[in-house]
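Got your viewer open and your mouse ready? Load the model below, and we'll walk through it one selection at a time.

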Amino acid sequence: MDCMTILAQAVRNASPEAADQAIVPIDLFWRQITSLGLLEALTFISFGVVCLFYGWRVFKVLVVINFGLLGLVLGMTIAEKISGLNYQLTGGLIGMGVLAVLSVPLMRWAVCLLGAAAGGILTSGIWYACGLTETYIWAGALIGIITGGMLGFIVFKAAVILFSSLWGSGLTVVGALALLYLYDKTADPVEALVFNLKWFLPTVLTVPTLIGVILQHKFVKSAKDWDL
């Protein structure tokens with residue numbers, strides 16, 4: 001069954017009954033957002049804005065950070081399965097160091113993977129916002145993964161701009177929502193938007209991403225010294 005067949009089937013199944021098959025962990029995302037304090041929220045916004053405007057300048061740092069965090073999670077998971085909780089931290093630190101170091105000589109491949117991940121997040125967000133069956137959300141993500149991955153090989157700068165803009169947008173949105181939640185007058189309305197309107201989170205993530213893509217493209221064109 002190809003992606004187009006799955007898409008057609010998902011559209012037919014997009015109904016109130018299909019909403020009961022929800023698999024996107026919105027409640028988990030919301031708990032992470034509301035757990036942030038004022039300083040953390042401001043830090044997220046500040047760093048996110050920098051990534052939105054100048055991600056193309058600091059993309060190597062972003063790549064190392066991303067793969068370091070991925071290595072941390074993988075290392076802790078593997079260590080937990082092998083030896084329990086005793087060496088979980090050690091395994092995480094080893095995994096973080098290994099992937100962070102490997103991402104430097106394999107920078108182009110790392111950017112391709114991050115571009116693929118960014119594309120998958122955006123298209124799966126569109127799938128979710130359209131109210132399509134969440135069981136097949138992987139089909140929507142697959143389209144973005146293929147497109148984002150190909151960008152890294154065909155137009156390297158486009159992949160850099162895409163993943164850094166999404167990274168900056170995510171940080172900015174998380175920080176902004178956390179700030180809104182800190183005030184009693186806006187906490188309930190914001191929570192209602194997140195849980196009741198499927199298009200809300202994908203929209204507030206996609207719009208800043210598009211703004212970042214446009215701005216970074218303009219900046220890159222005027223920077224003759226920019227290169228891998």
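The tour starts with the whole chain and then moves through some helices and two lysines.

**Before you click**

What you have on screen is a predicted model, where local features need pLDDT of at least 70 and side-chain atom pairs count only at pLDDT 80 or more, while totals for chains, interfaces and linings use all residues. Residues are numbered from 1 along each chain as its sequence is written, and side-chain values use heavy atoms, with hydrogens and water left out.

**Stop 1: the whole chain**

Switch to cartoon view. How many helices and strands are there in the protein chain? You should find 10 helices and 0 strands. Helices (H or I, at least four residues) and strands (E, at least two) are DSSP runs, numbered from the N terminus. Of the 228 residues, 38% count as buried. Buried means under 20% relative accessible area, exposed means over 50%, and partly exposed is in between (1.4 Å probe, protein chains only). Now think about contacts, meaning heavy atoms within 4.5 Å. Among contacts between residues at least 6 apart in sequence, 81% join residues at least 24 apart.

**Stop 2: α4 with α5**

Select residues 59-83 for α4 and residues 88-102 for α5. These two helices pack at an angle of about 145°, with axes 6 Å apart. Axes are lines fitted to C-alpha atoms, for helices over the stretch in contact, and angles run from 0 to 180 degrees between N-to-C directions. The crossing of α4 and α5 is right-handed; a crossing gets that name if the near helix is turned clockwise from the far one by less than a right angle, and left-handed if anticlockwise. Show side chains at the contact: α4 brings residues including Val64, Phe67, Gly68 and Gly71, and α5 brings residues including Gly91, Gly92, Gly95 and Met96. By class, this contact has 11 nonpolar, 7 polar and 1 charged residues. Here Ala, Val, Leu, Ile, Met, Phe, Trp, Tyr, Cys and Pro count as nonpolar, Asp, Glu, Lys and Arg as charged, and the others, Gly among them, as polar.

**Stop 3: α4 with α6**

Keep α4 and add α6, residues 107-129. What angle do α4 and α6 make? It's about 75°, with the axes 10 Å apart. The pair is therefore roughly perpendicular (65 to 115 degrees; under 35 is roughly parallel, over 145 roughly antiparallel and the rest oblique). Look for Phe59, Lys60, Val63, Asn66 and Phe67 on α4, touching Met107, Ala110, Val111, Leu113 and Leu114 on α6. That contact holds 8 nonpolar, 1 polar and 1 charged residues. While you're here, click Gly131, just after α6: its phi is positive, at about 75°.

**Stop 4: α4 with α8**

Swap α6 for α8, residues 156-181. The angle between α4 and α8 is about 65°, and their axes are 11 Å apart. This crossing is left-handed. On the α4 side, pick out Phe59, Leu62, Val63, Ile65 and Asn66; on the α8 side, Phe156, Val160, Phe163, Ser164 and Trp167. The classes here are 8 nonpolar, 2 polar and no charged residues. Is α8 mostly covered or mostly uncovered? It's mostly covered, as 19 of its 26 residues are buried.

**Stop 5: α7**

Select residues 137-154, which form α7. Try the distance tool: the end C-alpha atoms are 26 Å apart, which agrees with the span of 26 Å for 18 residues at 1.5 Å a residue (1.5 Å times one less than the number of residues). Buried residues of α7 include Gly140, Gly144, Gly148 and Gly152.

**Stop 6: two lysines**

Zoom in on Lys60, in α4. Lys60 is partly exposed, with a relative accessible area of 40%. Ser103 is 43 residues from Lys60 in sequence, and their C-alpha atoms are 8.9 Å apart.

Finish at Lys198, in the loop between α9 (184-196) and α10 (200-221). Lys198 is partly exposed too, with a relative accessible area of 24%. Not counting residues up to four places away in sequence, Lys198 touches Tyr128, Ala129, Gly131 and Glu134. The C-alpha atoms of Lys198 and Ile26 are separated by 9.7 Å, although the two lie 172 residues apart along the chain.
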